[in-house]
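Thanks for coming. I have one structure to go through today, so please pull it up and we will start.

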Amino acid sequence: MPGLPPMTGVPAGLADDPLTASAAARGAEAVLEEVLEAGLRRARAVDPLFARDLADRVGALVSRGGKRLRAAFAFCGWQAAGGTGDATAVLRTGAALELLQACALVHDDVMDGSLRRRGGPALHVELARGHWAAGMHGSAEAFGTSSAVLAGDLALAWADDLLTETALGTPHGGRLHEEWRAMRTEMVAGQYRDLHAQAARSSGVDEALDIATLKSALYTVARPLALGGSLAGAGDRTLDALRAAGRCAGLAFQLRDDLLGAFGDPALTGKPAGDDLRSRKLTYLLAVALRLADAAGDHQAAATLAPDADSRSDRAVERMRTAMERTGAREVVEAKIVELTAMSLRHFEGTGAPPAVRREFAALVERASGVAPRRAEEVA
């Protein structure tokens, strides 16, 4: 792939650092900086206006934060499958995952109408404000939305370029690309299921879990683990164990995110609390609350959480929070997270990974789910 940094060794500054999952996440970030620099150079050569308005904003979003969990999980999967030595390919795969995440965030914010992301304006909001400030013709909102879709597409193109170039440089590129291709399709399917559930006013618990799995769990943990395992030449049994562990950990991550979306502090999460409630997104938290309200005969809570209830005002959102607390849904979701975390650790043991790698994985799962490994072991 012309214009991409060459596949060299571990980035400078990490050569003497024992390559733990945390160090690998930093390594992937260093690779990401190089890839973004190359991408921005290409964008400026194509068209300066496009580069300034879109490519620079994509680069800023990618550089502005994120836990880099996907890159860390990819490295953990590589280690679990026996990966040793030069980690360049897995670091580049981690960087590609972060670019894919940027695409997902930009498009998700457009579809959800979210106003903030990572402590700043969502990309479509920033672009709309630029349109308005410049006194341009037409709808600023439509311009911002359309431009953000293109920005997300650009992040996806950069991710695909990097993954493809990495796959071509490794003997296990075929399996790597197979996992990547499956992950992209799952992401789109999950996003559509999310949109469909809102339009259909769905409220089922099983449907909520299906959406969380497709939209988040697989591409957040399961596929990154399998991508890393693929680079180490993992067999089917190891890859199956990695995917199973990742599916459970990824669901725990998404359920934690649902709780933070409803009850979290915007100063810590970087986005407003209550957006999912205001849009009545079908989360496991909402579905469980509705089921519990119906089972308890709590007609007030059921009416507040019902698909046809008005949830747009701040007051309505607060009533939904109160109803969720009263039904016990918050505690049920917390218990589910603990259960999923424990299951994830048990599946990971099935890879045969050495104790040090299992500890690395447990620490990552704790970061993702908010559940300490010792708590998970108590319910194992």
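A definition before anything else: a residue is called exposed when its relative accessible area is over 50%, buried when that value is under 20%, and partly exposed in between. Take Arg129 as the case in hand. Its relative accessible area is 52%, so Arg129 falls in the exposed class. Please also keep in mind that this is a predicted model.

Now the chain as a whole. The secondary structure amounts to 17 helices and 2 strands. For 380 residues, a compact globule would have a radius of gyration near 21 Å, and the protein chain has 21 Å, so the two agree. The C-alpha trace spans about 60 × 60 × 30 Å along its principal axes. Of the 380 residues, 53% count as buried. The accessible surface is about 16500 Å², and carbon and sulfur atoms account for 53% of that surface.

On contacts, consider those between residues at least 6 apart in sequence: 75% of them join residues at least 24 apart. On charges, there are 44 positive and 49 negative, and their mean positions lie 2 Å apart.

Next, helix 5, which is where Arg129 sits. This helix runs over residues 123–133. Which residues of helix 5 are buried? They are Leu123, His124, Val125, Leu127, Ala128 and His131. What covers them includes helix 2, at 48–63, helix 4, at 88–112, strand 2, at 120–121, and helix 6, at 140–168. After helix 5 comes Gly135, with a positive phi near 65°.

Helix 6 deserves a closer look through Ala140, which is located in that helix. Ala140 has a relative accessibility of 19%, and the cut-off for buried is under 20%, so Ala140 counts as buried. Setting aside neighbours within four places in sequence, Ala140 is in contact with Ala128, His131 and Trp132. Two of those names, Ala128 and His131, were in the list of buried residues of helix 5.

Two distances from Ala140 are useful here. Between Arg129 and Ala140, 11 residues apart along the chain, the C-alpha separation is 7.1 Å. Between Ala140 and Ala23, 117 residues apart along the chain, the C-alpha separation is 42 Å.

Helix 4 has come up as part of the cover of helix 5. Gln101 is found in helix 4. Is Gln101 buried or exposed? Its relative accessible area is 8%, so Gln101 is buried. Not counting residues up to four places away in sequence, Gln101 touches Arg70, Arg118 and Tyr219.

Helix 8 covers residues 205–231, and Arg223 lies in it. Arg223 carries a side chain that counts as positive here, yet Arg223 is classed as buried, at 13% relative accessibility. Without its neighbours within four places in sequence, the contacts of Arg223 are Glu179, Ala182, Met183, Glu186, Leu218 and Arg243.

Now backbone angles. Arg201 is not a glycine, but its phi is positive, at about 55°. Arg201 is placed in the loop between helix 7, residues 173–200, and helix 8. Arg280 is not a glycine either, and its phi is also positive, at about 55°. Arg280 is placed in the loop between helix 11, residues 275–278, and helix 12, residues 284–296. Despite its place in a loop, Arg280 counts as buried, with 8% relative accessibility.

Last, the cysteines. How many disulfides does a search of the whole structure find? The search finds 0. Cys76 is in no disulfide, and the nearest cysteine sulfur, that of Cys248, is 15 Å away. The cut-off for a disulfide is a pair of cysteine sulfur atoms within 2.5 Å, so that pair does not qualify. As for accessibility, Cys76 is buried, with a relative accessible area of 0%. Cys103 also counts as buried, at 7% relative accessibility.

To recap with the residue we started from: Arg129 is exposed at 52%, in a helix that also holds buried residues, including Leu127 and Ala128. That is the end of my part, and I will take questions now.

How values were computed
Residues numbered from 1 in each chain as written. Predicted model: local features only at pLDDT ≥ 70, side-chain atom pairs only at ≥ 80, totals over all residues. Heavy atoms only, no water. Buried < 20%, exposed > 50% of the residue type's maximum accessible area, 1.4 Å probe, protein only. Helix = DSSP H or I, 4+ residues; strand = E, 2+ residues; numbered from the N terminus. Contact = heavy atoms within 4.5 Å. Rg over C-alpha atoms; globule rule 2.2 N^0.38 Å. Areas by Shrake-Rupley, 256 points an atom, 1.4 Å probe, with all protein chains shown as cover. Charge placed at Lys NZ, Arg CZ, Asp CG, Glu CD.
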